[in-house]
Number of protein chains: 2
Amino acid sequence: MTNRQKPVRLVVVGSLALDTVETPFERRVDLLGGSVSYACAAASFFTKTGMVAVAGKDFPRKCLEQYRRFGIDLAGLSLVEGKTFRWSGVYEANMNDRRTLSTHLNVFASFTPELPSAYRTAPFFLLGNIVPDLQLHVLRQARKPLFVVADTMDLWINTARKALMKVIARVHMLTLNDSEARLLTGEYNLRKCAAAILKMGPRYLVIKKGEHGALLFSREGLFIVPAFPVDSVKDPTGAGDSFAGGFLGVLAAGDTVTEHRVRTALLHGSVVASFGVQDFSLDALKRLTRADIHRRFAGLKKMMTA
Amino acid sequence: MTNRQKPVRLVVVGSLALDTVETPFERRVDLLGGSVSYACAAASFFTKTGMVAVAGKDFPRKCLEQYRRFGIDLAGLSLVEGKTFRWSGVYEANMNDRRTLSTHLNVFASFTPELPSAYRTAPFFLLGNIVPDLQLHVLRQARKPLFVVADTMDLWINTARKALMKVIARVHMLTLNDSEARLLTGEYNLRKCAAAILKMGPRYLVIKKGEHGALLFSREGLFIVPAFPVDSVKDPTGAGDSFAGGFLGVLAAGDTVTEHRVRTALLHGSVVASFGVQDFSLDALKRLTRADIHRRFAGLKKMMTA
């Protein structure tokens, strides 16, 4: 059985976009982006991954070709009348703070994620940062999910808190960044944020801190996930999605979810994300091999060992 | 031999101040502070530590009593005519960013660090953040230093770069924070900063990132020093000094300096600093025991282990 024929173990639902990215050094137009692109590409190194997303009829063939080269299953990708979601943003000199210049949802505005029947029995799900009601819609279609991760953002915390709370209560892991964790709980201290969020239902919580890594909270304790310090960052777009994708890819390659496996998988997510930011769009991931990932993973472990 | 009679193994030179600290929750006046207070108190848990500093005749007796209770050797503390250095600052709601409200150097303006003869043969030195020329003055008095750490700040990078470069070339380790590393090297990326600074002479470089921990760079590689995530921060003043003091205290308790010992000692520094910020001035350190430190150290190690 070739990789392409394997059943999908990880389903990723989220946004698919063509990004225009401006850094202090360069401006690049209509790059393949969106949370599903980064997360699926990252996960594809470790497990058979399928995407549920929507693109317009203008979506370039070469982008589909890119997905296929990663071995991503495209049964859940709808190509519909209209234009693909466009996003553009500009990064400050620190390559960390960014401003959104424009958001044209286009076909993404009427996206309703429908899972192909083969995806409904998949064990692992990543619910990318979309309207909580749509995340719930996906959850209702999943027949026997072993582990579901939901990502979210300030917009939904502010405008759709009720539906979001339902999502949080039903998933195994929530991921969000530090400012969002503060917004969701009204606490400033991250340990207090975490205690409050774990009470909302999920077994695991990952608070992302950008270039400073992430923190995993669970009822078993706390794990510090360092970012691998790279010597150049070309484009941080999608780093959080590559992190989540790499993490779930590694986790979905096995049949059990233990604290140890979650921790190891998160370190892999951190490593894949660190490669991703070294070039625009999926360019660095395209050149990547599993040997590269394992080498950097071993390096990261050494950086964590006294 | 009681602890008080042991020869001093670690000499700490730096500022001694009475701080007025304002946080979003509280304002406290004339707290015992300055780099020597925090660093010596932190180091005193692990090794016999002596301070070289100056205070005015107004320096409260109860502060001297505090130093003595930590077992700090005070042979190098001069009490001179005039007023003690006063600093005041206010912390933002995030308890991280702070603004200096006032600095009155007073007797610190004419401080010239002279080592008591017993200190000149000490093996370990921490040159706190003072004028580079005074750091050089201390270096000239040290007879057979095994390991010298220098701290510095943006002011000296901007106004005394030539003398600072001499200090950097002569010490075993430099510590500074991320923005200072960028200012010193003109590089933004921290790995590039580190490569440039290691070329200036020191064997080790520690880049401090506040609540995000620190990075150790050496010719042997990189070590990620996490901050221990505490559930409340009352006053972050002096955290960097407690970190350096705790680190050097542990290192100075042994006779060799190896990569492994440096890494372990840095984790101890991180742990002591995490206690320090949980109360004002030295109040949390006063209540601390070695058992508390070992317990939190073990906890931190677990948070770093997949």
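Which residue stands opposite Lys208(A) in E12(A)? I began my notebook with this point, and I found that Ala214(A) is the residue that stands opposite Lys208(A). I note at the outset that I am reading a predicted model, and my entries should be taken in that light.

**Entry 1: strand E11 of chain A**

I looked up the strand that holds Lys208(A), which is E11(A), running over residues 204-208. Five of its five residues are buried, so I describe E11(A) as largely enclosed by the rest of the structure. I then checked which way the side chains go, and I saw that Tyr204(A), Val206(A) and Lys208(A) point one way while Leu205(A) and Ile207(A) point the other way, with all of them buried. In a regular strand the side chains alternate between the two faces of the sheet.

**Entry 2: the partners of E11 in chain A**

I next asked which strands lie beside E11(A), and I recorded two of them. Strand E10 of chain A, residues 173-177, pairs with E11(A) in the parallel sense over five bridges, and within this pairing I found Leu205(A) as the bridge partner of Leu174(A). Strand E12 of chain A, residues 214-218, pairs with E11(A) in the antiparallel sense, also over five bridges. I noted that E11(A) and E12(A) form a hairpin with five residues between them, and that Gly210(A) in the turn has a positive phi of about 60°.

**Entry 3: strand E12 of chain B**

I moved to chain B and looked up strand E12(B), residues 214-218, which I found to be mostly covered, as five of its five residues are buried. Ala214(B), Leu216(B) and Ser218(B) point one way from this strand, whereas Leu215(B) and Phe217(B) point the other way.

I then followed its pairings. E12(B) pairs with strand E11 of chain B, residues 204-208, in the antiparallel sense over five bridges, and it pairs with strand E13 of chain B, residues 221-225, in the antiparallel sense over five bridges as well. Leu216(B) was a useful residue to trace, for it is the bridge partner of Val206(B) and Phe223(B) in E13(B) is its bridge partner too.

The turns were my last check here: the hairpin of E11(B) and E12(B) has five residues between the strands, and Gly210(B) takes a positive phi near 60° in it, while the hairpin of E12(B) and E13(B) has two residues between its strands.

**Entry 4: helices H1 and H5 of chain A**

I looked up helix H1 of chain A, residues 35-43, and I found that nine of its nine residues are buried; among them are Ser35(A), Tyr38(A) and Cys40(A).

I then turned to a positive surface patch, which is formed by Arg140(A), Lys162(A), Lys166(A) and Arg170(A). Helix H5 of chain A, residues 161-170, gives the most to this patch, with three residues. I placed Arg170(A) in helix H5 of chain A, and I wrote Arg170(A) down as partly exposed because its relative accessible area is 45%, which lies between the 20% limit for buried and the 50% limit for exposed.

**Entry 5: Ala118 of chain B**

Where is Ala118(B) placed? I found Ala118(B) in the loop between strand E7 (98-104) and strand E8 (124-127) of chain B. I count Ala118(B) as exposed because its relative accessibility is 56%. I also looked up its separation from Gly76(B): the two residues are 42 apart in sequence and 9.7 Å apart in space, C-alpha to C-alpha.

Conventions:
Residues numbered from 1 in each chain as written. Chains lettered and ligands numbered in written order. Predicted model: local features only at pLDDT ≥ 70, side-chain atom pairs only at ≥ 80, totals over all residues. Heavy atoms only, no water. Buried < 20%, exposed > 50% of the residue type's maximum accessible area, 1.4 Å probe, protein only. Helix = DSSP H or I, 4+ residues; strand = E, 2+ residues; numbered from the N terminus. Pairing = 2+ DSSP bridges. Patch = residues over 30% accessible without salt bridge, like charges linked within 9 Å, V, L, I, M, F, W, Y side chains within 5 Å. Areas by Shrake-Rupley, 256 points an atom, 1.4 Å probe, with all protein chains shown as cover. Salt bridge = Lys/Arg side-chain N within 4 Å of Asp/Glu carboxyl O. Lys, Arg positive; Asp, Glu negative; His and termini not counted. Charge placed at Lys NZ, Arg CZ, Asp CG, Glu CD.
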